Amino acid sequence: MGKAILFSAPSGCGKTTIINELMGSEASEHLDPKDLTFSISATTRAPRGEEQHGKDYYFLSREEFMQRVGKNEFLEWEEVYSGTCYGTLKSEIERIWNEGKVIVFDVDVNGGRNIKKYFGGDALSIFVMPPSVEVLEQRLRSRGTDSEEAIVKRLARSAEELKQAPAFDVTIVNDDLQRAVAETRRVIEDFLAVRS
Ligand code: ADP
Ligand code: 5GP
(Lines give C-alpha, C1' and ligand atoms only; values in the text may rest on other atoms or scores of the structure.)
(Ligands and ions follow the chains in the order given, each with its own letter.)
Protein backbone atom coordinates (compact mmCIF):
# COMPACT_ATOMS: atom_id res chain seq x y z
CA MET A 1 0.00 0.00 0.00
CA GLY A 2 1.24 3.48 -0.88
CA LYS A 3 0.45 6.84 0.65
CA ALA A 4 -2.26 9.39 0.02
CA ILE A 5 -3.06 13.01 0.79
CA LEU A 6 -6.65 14.08 0.67
CA PHE A 7 -8.13 17.55 0.49
CA SER A 8 -11.75 18.15 1.48
CA ALA A 9 -13.81 21.29 1.99
CA PRO A 10 -17.03 22.83 0.80
CA SER A 11 -16.94 23.92 -2.83
CA GLY A 12 -15.19 27.29 -3.29
CA CYS A 13 -12.84 27.02 -0.29
CA GLY A 14 -9.79 26.73 -2.55
CA LYS A 15 -8.88 23.02 -2.73
CA THR A 16 -8.21 23.06 -6.47
CA THR A 17 -6.21 26.29 -6.23
CA ILE A 18 -4.03 24.99 -3.39
CA ILE A 19 -3.49 21.62 -5.12
CA ASN A 20 -2.50 23.32 -8.40
CA GLU A 21 -0.08 25.68 -6.62
CA LEU A 22 1.45 22.80 -4.73
CA MET A 23 1.81 20.51 -7.76
CA GLY A 24 3.31 23.33 -9.82
CA SER A 25 5.86 24.35 -7.19
CA GLU A 26 9.60 23.71 -7.16
CA ALA A 27 11.08 20.70 -5.36
CA SER A 28 12.48 21.31 -1.88
CA GLU A 29 14.81 19.14 0.15
CA HIS A 30 11.84 17.29 1.68
CA LEU A 31 9.19 17.33 -1.04
CA ASP A 32 9.31 16.94 -4.79
CA PRO A 33 5.85 17.68 -6.23
CA LYS A 34 6.69 15.25 -9.05
CA ASP A 35 6.20 12.47 -6.50
CA LEU A 36 2.53 13.48 -6.13
CA THR A 37 -0.18 12.49 -8.64
CA PHE A 38 -3.73 13.84 -8.72
CA SER A 39 -6.50 11.22 -8.57
CA ILE A 40 -8.86 12.04 -11.42
CA SER A 41 -12.42 11.51 -10.22
CA ALA A 42 -15.41 10.62 -12.34
CA THR A 43 -18.38 12.97 -12.40
CA THR A 44 -21.74 13.33 -14.13
CA ARG A 45 -21.53 17.13 -14.25
CA ALA A 46 -20.53 19.00 -17.40
CA PRO A 47 -16.99 20.43 -17.80
CA ARG A 48 -16.59 23.94 -16.35
CA GLY A 49 -14.37 26.62 -17.90
CA GLU A 50 -11.13 25.09 -19.24
CA GLU A 51 -11.66 21.66 -17.64
CA GLN A 52 -10.60 18.67 -19.72
CA HIS A 53 -11.74 15.04 -19.77
CA GLY A 54 -8.98 12.81 -18.35
CA LYS A 55 -7.16 15.72 -16.70
CA ASP A 56 -9.59 17.41 -14.29
CA TYR A 57 -12.26 14.73 -14.29
CA TYR A 58 -13.56 11.78 -16.27
CA PHE A 59 -16.83 13.33 -17.45
CA LEU A 60 -19.36 10.49 -17.71
CA SER A 61 -23.04 10.31 -18.54
CA ARG A 62 -25.22 9.31 -15.63
CA GLU A 63 -25.88 5.98 -17.37
CA GLU A 64 -22.18 5.17 -17.68
CA PHE A 65 -21.48 6.31 -14.11
CA MET A 66 -24.23 4.03 -12.77
CA GLN A 67 -23.04 1.12 -14.90
CA ARG A 68 -19.61 1.47 -13.30
CA VAL A 69 -21.17 1.66 -9.85
CA GLY A 70 -22.91 -1.63 -10.70
CA LYS A 71 -19.59 -3.18 -11.71
CA ASN A 72 -18.08 -2.15 -8.35
CA GLU A 73 -15.45 0.03 -10.03
CA PHE A 74 -15.58 2.82 -7.41
CA LEU A 75 -13.73 2.96 -4.10
CA GLU A 76 -16.34 5.53 -3.04
CA TRP A 77 -18.94 7.69 -4.72
CA GLU A 78 -21.46 10.31 -3.61
CA GLU A 79 -24.36 12.22 -5.08
CA VAL A 80 -22.71 15.42 -3.80
CA TYR A 81 -25.43 17.72 -5.19
CA SER A 82 -28.87 16.46 -6.15
CA GLY A 83 -28.54 14.99 -9.60
CA THR A 84 -24.72 15.21 -9.72
CA CYS A 85 -22.51 12.25 -8.79
CA TYR A 86 -18.77 12.17 -8.13
CA GLY A 87 -16.60 9.16 -7.39
CA THR A 88 -13.10 7.77 -7.02
CA LEU A 89 -12.32 4.91 -9.39
CA LYS A 90 -10.30 2.02 -7.95
CA SER A 91 -8.31 2.03 -11.22
CA GLU A 92 -6.94 5.50 -10.33
CA ILE A 93 -5.42 4.19 -7.12
CA GLU A 94 -3.80 1.25 -8.92
CA ARG A 95 -2.49 3.55 -11.69
CA ILE A 96 -0.87 5.98 -9.24
CA TRP A 97 0.57 3.46 -6.81
CA ASN A 98 1.93 1.36 -9.68
CA GLU A 99 3.95 4.43 -10.63
CA GLY A 100 5.24 4.63 -7.03
CA LYS A 101 3.58 8.03 -6.49
CA VAL A 102 1.63 9.56 -3.61
CA ILE A 103 -2.08 10.02 -4.44
CA VAL A 104 -3.66 13.46 -4.08
CA PHE A 105 -7.46 13.42 -3.70
CA ASP A 106 -9.87 16.36 -3.99
CA VAL A 107 -13.15 15.02 -2.64
CA ASP A 108 -16.20 16.24 -0.76
CA VAL A 109 -16.31 16.03 3.03
CA ASN A 110 -18.15 12.67 3.17
CA GLY A 111 -15.83 11.18 0.56
CA GLY A 112 -12.84 12.49 2.53
CA ARG A 113 -14.00 10.81 5.72
CA ASN A 114 -14.65 7.53 3.90
CA ILE A 115 -11.27 7.52 2.16
CA LYS A 116 -9.48 8.36 5.43
CA LYS A 117 -11.27 5.46 7.13
CA TYR A 118 -10.17 3.16 4.31
CA PHE A 119 -6.49 4.24 4.19
CA GLY A 120 -6.03 4.98 7.92
CA GLY A 121 -2.51 6.09 8.80
CA ASP A 122 -1.45 5.82 5.15
CA ALA A 123 -3.48 8.94 4.36
CA LEU A 124 -3.19 12.53 5.58
CA SER A 125 -6.60 14.22 5.58
CA ILE A 126 -6.58 18.00 5.14
CA PHE A 127 -9.62 20.23 5.59
CA VAL A 128 -9.43 23.56 3.75
CA MET A 129 -11.29 26.22 5.74
CA PRO A 130 -12.43 29.56 4.28
CA PRO A 131 -11.62 32.67 6.37
CA SER A 132 -15.41 33.21 6.75
CA VAL A 133 -18.70 32.14 5.17
CA GLU A 134 -18.95 35.60 3.56
CA VAL A 135 -15.56 35.17 1.86
CA LEU A 136 -16.57 31.68 0.71
CA GLU A 137 -19.68 33.11 -0.98
CA GLN A 138 -17.62 35.89 -2.61
CA ARG A 139 -15.10 33.35 -3.95
CA LEU A 140 -17.81 31.09 -5.35
CA ARG A 141 -19.32 34.06 -7.15
CA SER A 142 -16.03 35.51 -8.37
CA ARG A 143 -14.93 32.11 -9.74
CA GLY A 144 -17.53 32.88 -12.39
CA THR A 145 -17.98 29.26 -13.46
CA ASP A 146 -21.23 28.27 -11.75
CA SER A 147 -24.84 29.18 -12.40
CA GLU A 148 -26.77 30.95 -9.64
CA GLU A 149 -28.60 27.67 -9.03
CA ALA A 150 -25.31 25.79 -8.59
CA ILE A 151 -23.96 28.48 -6.23
CA VAL A 152 -27.07 28.29 -4.06
CA LYS A 153 -26.80 24.47 -3.90
CA ARG A 154 -23.12 24.69 -2.96
CA LEU A 155 -23.66 27.30 -0.23
CA ALA A 156 -26.61 25.39 1.19
CA ARG A 157 -24.41 22.35 1.67
CA SER A 158 -21.41 24.23 3.08
CA ALA A 159 -22.72 24.93 6.63
CA GLU A 160 -23.08 21.22 7.42
CA GLU A 161 -19.72 20.43 5.80
CA LEU A 162 -17.83 23.11 7.76
CA LYS A 163 -18.93 21.46 11.02
CA GLN A 164 -17.03 18.32 10.05
CA ALA A 165 -13.58 19.93 10.04
CA PRO A 166 -12.58 18.36 13.42
CA ALA A 167 -12.81 14.88 11.84
CA PHE A 168 -9.75 15.67 9.67
CA ASP A 169 -6.08 15.33 10.61
CA VAL A 170 -5.26 18.97 9.80
CA THR A 171 -7.19 22.17 9.08
CA ILE A 172 -5.63 24.80 6.81
CA VAL A 173 -7.26 28.25 6.77
CA ASN A 174 -7.12 29.52 3.20
CA ASP A 175 -6.81 33.26 3.86
CA ASP A 176 -3.64 34.39 2.12
CA LEU A 177 -3.03 31.84 -0.63
CA GLN A 178 0.77 31.74 -0.42
CA ARG A 179 0.67 31.32 3.36
CA ALA A 180 -1.89 28.53 3.05
CA VAL A 181 0.18 26.75 0.39
CA ALA A 182 3.33 27.03 2.52
CA GLU A 183 1.51 25.56 5.52
CA THR A 184 0.08 22.76 3.36
CA ARG A 185 3.55 21.98 2.12
CA ARG A 186 4.90 21.79 5.68
CA VAL A 187 2.23 19.37 6.89
CA ILE A 188 2.74 17.14 3.84
CA GLU A 189 6.52 17.16 4.34
CA ASP A 190 6.04 16.12 7.98
CA PHE A 191 3.62 13.36 7.01
CA LEU A 192 5.83 11.93 4.27
CA ALA A 193 8.93 12.13 6.46
CA VAL A 194 7.21 10.17 9.23
CA ARG A 195 5.75 7.67 6.82
CA SER A 196 8.78 6.94 4.63
P1 ADP B 1 -12.61 24.48 -4.65
O2 ADP B 1 -11.68 23.63 -5.48
O3 ADP B 1 -12.45 24.19 -3.18
O4 ADP B 1 -14.04 24.39 -5.09
P5 ADP B 1 -11.33 26.75 -5.97
O6 ADP B 1 -9.88 26.37 -5.86
O7 ADP B 1 -12.00 26.60 -7.29
O8 ADP B 1 -12.18 26.00 -4.83
O9 ADP B 1 -11.42 28.27 -5.47
C10 ADP B 1 -12.64 29.02 -5.55
C11 ADP B 1 -12.32 30.46 -6.02
O12 ADP B 1 -11.62 31.16 -4.99
C13 ADP B 1 -11.45 30.51 -7.28
O14 ADP B 1 -11.91 31.57 -8.11
C15 ADP B 1 -10.05 30.82 -6.72
O16 ADP B 1 -9.26 31.54 -7.65
C17 ADP B 1 -10.36 31.67 -5.48
N18 ADP B 1 -9.36 31.51 -4.39
C19 ADP B 1 -8.85 30.36 -3.91
N20 ADP B 1 -8.00 30.61 -2.87
C21 ADP B 1 -7.99 31.95 -2.70
C22 ADP B 1 -7.31 32.83 -1.77
N23 ADP B 1 -6.49 32.37 -0.82
N24 ADP B 1 -7.53 34.16 -1.89
C25 ADP B 1 -8.40 34.63 -2.82
N26 ADP B 1 -9.06 33.88 -3.73
C27 ADP B 1 -8.88 32.54 -3.67
P1 5GP C 1 -16.69 20.59 -8.27
O2 5GP C 1 -17.98 20.41 -9.03
O3 5GP C 1 -16.60 21.96 -7.63
O4 5GP C 1 -15.46 20.22 -9.07
O5 5GP C 1 -16.71 19.56 -7.07
C6 5GP C 1 -17.81 19.54 -6.21
C7 5GP C 1 -17.48 18.71 -5.00
O8 5GP C 1 -17.32 17.34 -5.38
C9 5GP C 1 -16.17 19.13 -4.33
O10 5GP C 1 -16.38 19.15 -2.92
C11 5GP C 1 -15.22 18.04 -4.73
O12 5GP C 1 -14.20 17.88 -3.78
C13 5GP C 1 -16.16 16.84 -4.74
N14 5GP C 1 -15.60 15.68 -5.44
C15 5GP C 1 -14.84 15.67 -6.56
N16 5GP C 1 -14.47 14.42 -6.87
C17 5GP C 1 -14.99 13.60 -5.93
C18 5GP C 1 -14.93 12.19 -5.67
O19 5GP C 1 -14.31 11.40 -6.39
N20 5GP C 1 -15.62 11.73 -4.59
C21 5GP C 1 -16.31 12.55 -3.78
N22 5GP C 1 -16.92 11.99 -2.74
N23 5GP C 1 -16.38 13.87 -3.96
C24 5GP C 1 -15.72 14.40 -5.02
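Colleague: By class, how many nonpolar, polar and charged residues does the shell around ligand 2 have?
Modeller: Keeping in mind that this is a predicted model, the shell around ligand 2 has five nonpolar, five polar and eight charged residues.

Colleague: And which residues come closest to ligand 2?
Modeller: There are 18 residues that surround ligand 2, and the closest of them are Ser-41, Arg-45, Tyr-57, Glu-76 and Tyr-86. If you look for strands, then β5, β6 and β7 each supply at least two residues of that shell.

Colleague: Which polar atoms of the protein does ligand 2 meet, starting with the side chain of Thr-88?
Modeller: In the side chain of Thr-88, an N or O atom is 3.2 Å from an oxygen atom of ligand 2. The side chain of Asp-108 has an N or O atom that is 2.8 Å from a nitrogen atom of ligand 2. With Val-107 the partner is a polar backbone atom, which is 3.3 Å from an oxygen atom of ligand 2.

Colleague: How much of ligand 2 does the protein bury?
Modeller: Taken alone, ligand 2 exposes 510 Å², and the protein buries 97% of that.

Colleague: Let me switch to the other one. Which residues come nearest to ligand 1?
Modeller: Around ligand 1 there are 13 residues, and those that come nearest are Gly-12, Thr-16, Thr-17, Arg-143 and Asn-174. By class, this shell divides into three nonpolar, six polar and four charged residues.

Colleague: Which helices supply that shell around ligand 1?
Modeller: Both α1 and α5 supply at least two residues each to the shell around ligand 1, and the largest share, three residues, comes from α1.

Colleague: What about polar atoms there, say Thr-17 and ligand 1?
Modeller: In the side chain of Thr-17, an N or O atom is 2.5 Å from an oxygen atom of ligand 1. Two further pairs use the backbone: an N or O atom of Gly-14 lies 3.0 Å from an oxygen atom of the ligand, while an N or O atom of Asp-175 lies 3.0 Å from a nitrogen atom of ligand 1.

Colleague: And how much of ligand 1 is covered by the protein?
Modeller: On its own, ligand 1 has 570 Å² of accessible area, and the protein covers 76% of it.

Colleague: Which pocket does each ligand take up?
Modeller: The space taken by ligand 1 is the largest pocket, and the space taken by ligand 2 is the largest pocket as well.

Colleague: How much space lies in that largest pocket, then?
Modeller: About 1,100 Å³ of space lies in the largest pocket. Its lining is made by 41 residues, and Thr-16, Arg-48, Glu-51, Tyr-57 and Asp-106 lie nearest the centre. Among the elements that give two or more residues to this lining are α1 (15–23), β5 (74–81), β6 (84–89) and β7 (102–107), together with the helices α5 (133–143) and α6 (148–162).

Colleague: Which element gives the most to that lining?
Modeller: The element that gives the most to the lining of the largest pocket is α1, with six residues. Sorted by class, the lining of the largest pocket holds 12 nonpolar, 14 polar and 15 charged residues.

Colleague: One last topic, the second largest pocket. How much space lies in it?
Modeller: For the second largest pocket, the space is about 240 Å³. There are 14 residues that line this pocket, and the closest to its centre are Arg-45, Asp-146, Ser-147, Ala-150 and Arg-154.

Colleague: Which element has the largest share of that lining?
Modeller: In the second largest pocket, the largest share of the lining comes from α6, with four residues, and β6 also supplies at least two. By class, the residues of this lining divide into five nonpolar, three polar and six charged.

Terms used: Residues numbered from 1 in each chain as written. Chains lettered and ligands numbered in written order. Predicted model: local features only at pLDDT ≥ 70, side-chain atom pairs only at ≥ 80, totals over all residues. Heavy atoms only, no water. 1 Å grid on protein atoms, 1.4 Å probe; cavity = no way out; pocket = protein on both sides within 12 Å on 5 of 7 lines; lining within 4 Å. Points joined across faces, edges and corners; volume = space filled by probe spheres on them. Nonpolar A, V, L, I, M, F, W, Y, C, P; charged D, E, K, R; others polar. Near = heavy atom within 4 Å. Polar contact = N/O pair within 3.5 Å; in protein donor to acceptor, adjacent residues only side chain to side chain. Areas by Shrake-Rupley, 256 points an atom, 1.4 Å probe, with all protein chains shown as cover. Sits in = over half its atoms within 2 Å of the grid points.
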